[in-house]
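Colleague: I am new to this one, so could you take me through it with some care?

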Amino acid sequence: MLLRDDNLSEETKKLISSLPTDKDAQGKLCKYQGCWYYYNTLQAVINFQENFQPQDTDIILASFPKAGTTWLKALSVALLERSKHDHDDPLNHPLLSDNPHGIVPFLEFDMYLKGSTPDQTKFPLSSPRLFSTHMPLHTIKENLKDSPCKIVYLCRNAKDALISRWFYRCKYQNKDAARSILESMFESFCSGVGFYGPIWDHALSYWKGSLENPKNVLFMRYEELKTEPSAQLKRLAEFLGCPFTEEEEENGLVEKILELCSLDNLSGLEVNKTGKTWTNVDYKSYFRKGEVGDWKNYLTPEMETKIDMIIDEKLKGSGLTF
Ligand code: A3P
């Protein structure tokens, strides 16, 4: 999905020729508005920027790749769908028959990859429309200006996101998770050149957005979702305008949603064991360990020091740490 450049318009080809370019094992990259994209993803970003019209009730779930997007999608779907579904009737819930990525489309990969008009048949959207994106906030902001729509950003420790991406990429390419691949990804990651990188600018765009506009941008962390899931789920529900009622809390709905959306539960469902996205990615590749600090098993102390120093330097003075 990421490799073909055959959907590039003449304007985009011209634009690319004026941008910084680079390449990695998956293809050619260019830096547009401070963020690195494969060429065909850039085309989708441009298609989005030229065509997307927000609705007031839209919700956009944003993240850096491998930050827990699948989990955030599942939790948001479960929160918004809860009035329609009986959690004691497990057969009656969209998350049980589809993967979160089949329910919540990516703006760039699902809606605008192929052209200016989204194909509504794959993702029939009802209000409130739920979308996701890996684009940084400054790239989607212009389309959303004056719109009261809500944006949730899920931030994850950079080292865990890198390790998660290493495993995902190797699985996607049917390769063993070799150290040589990790080492080359590590170097690109530290230089900021890589799909949607640099991670620090990505997180900073939403961090600043959440400080400037807390009513419309919520900054969440994967690690906090792991350590205090109930509190974070309630925070998300409040932000999305569907807080839990006392009765729902007494009936254990918070815990039921967390259980429904847990990695163990979702990864064990038939659809997630055997299904694929419409672009042919196995749903099971979105689930692995789901642990905080798994990077300790793979990065050397030298790698840890290097990444920490770069991130500390890049985030200095912003109030953001990760
Ligand atoms: P690991 O590779 O560290 O296990 P994304 O959804 O953005 O692609 O991120 C994938 C990461 O989120 C993977 O991390 C995956 O295991 C984890 N993940 C997926 N579903 C999850 C869930 N329901 N709960 C917690 N973590 C989940």
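The questions below go from the overall fold to the ligand and then to the backbone.

Colleague: How many helices and strands are there in the protein chain?

Modeller: Please keep in mind that this is a predicted model. Along its principal axes, the C-alpha trace of the protein chain spans about 55 × 45 × 45 Å. As for the elements of the protein chain, the count is 17 helices and 7 strands.

Colleague: What radius of gyration does the protein chain have, and why does the value agree with a compact globule?

Modeller: The expectation depends on the length of the chain, which here is 322 residues. Because a compact globule with that many residues would have a radius of gyration near 20 Å, the value for the protein chain agrees with it, at 19 Å.

Colleague: Which helix gives the most to the shell around the ligand?

Modeller: The space that the ligand takes is the largest pocket, and there are 17 residues around the ligand, of which Lys66, Thr69, Thr70, Ser164 and Gly290 come nearest. By kind, the residues of this shell divide into 7 nonpolar, 6 polar and 4 charged. The helix that gives the most to the shell, with 3 residues, spans residues 69–81 and is helix H3.

Colleague: How much of the accessible area that the ligand has on its own does the protein cover?

Modeller: Taking polar atoms, a side-chain N or O atom of serine 164 is 2.6 Å from an oxygen atom of the ligand, while a polar backbone atom of cysteine 261 is 2.9 Å from a ligand nitrogen atom. A nitrogen atom of the ligand also has a backbone N or O atom of leucine 263 at 3.4 Å. On its own the ligand has 560 Å² of accessible area, and the share of this that the protein covers is 97%.

Colleague: Where does the cis peptide bond that involves serine 127 lead, and in which loop is the place of proline 128?

Modeller: The bond joins serine 127 to proline 128, with omega about -5°. Proline 128 has its place in the loop between helix H6 (107–111) and strand S5 (130–133).

Colleague: Which residue does the cis peptide bond from glycine 197 go to?

Modeller: For this bond, omega is near -5°. The residue that it reaches lies in the loop between helix H9 (179–191) and helix H10 (199–212), and is proline 198.

Colleague: What is the phi of glutamine 33?

Modeller: Glutamine 33 has its place in the loop between strand S2 (27–32) and strand S3 (35–38). Although glutamine 33 is not a glycine, its phi is positive, at about 50°.

Terms used
Residues numbered from 1 in each chain as written. Predicted model: local features only at pLDDT ≥ 70, side-chain atom pairs only at ≥ 80, totals over all residues. Heavy atoms only, no water. Near = heavy atom within 4 Å. Polar contact = N/O pair within 3.5 Å; in protein donor to acceptor, adjacent residues only side chain to side chain. Areas by Shrake-Rupley, 256 points an atom, 1.4 Å probe, with all protein chains shown as cover. 1 Å grid on protein atoms, 1.4 Å probe; cavity = no way out; pocket = protein on both sides within 12 Å on 5 of 7 lines; lining within 4 Å. Sits in = over half its atoms within 2 Å of the grid points. Helix = DSSP H or I, 4+ residues; strand = E, 2+ residues; numbered from the N terminus. Nonpolar A, V, L, I, M, F, W, Y, C, P; charged D, E, K, R; others polar. Rg over C-alpha atoms; globule rule 2.2 N^0.38 Å.
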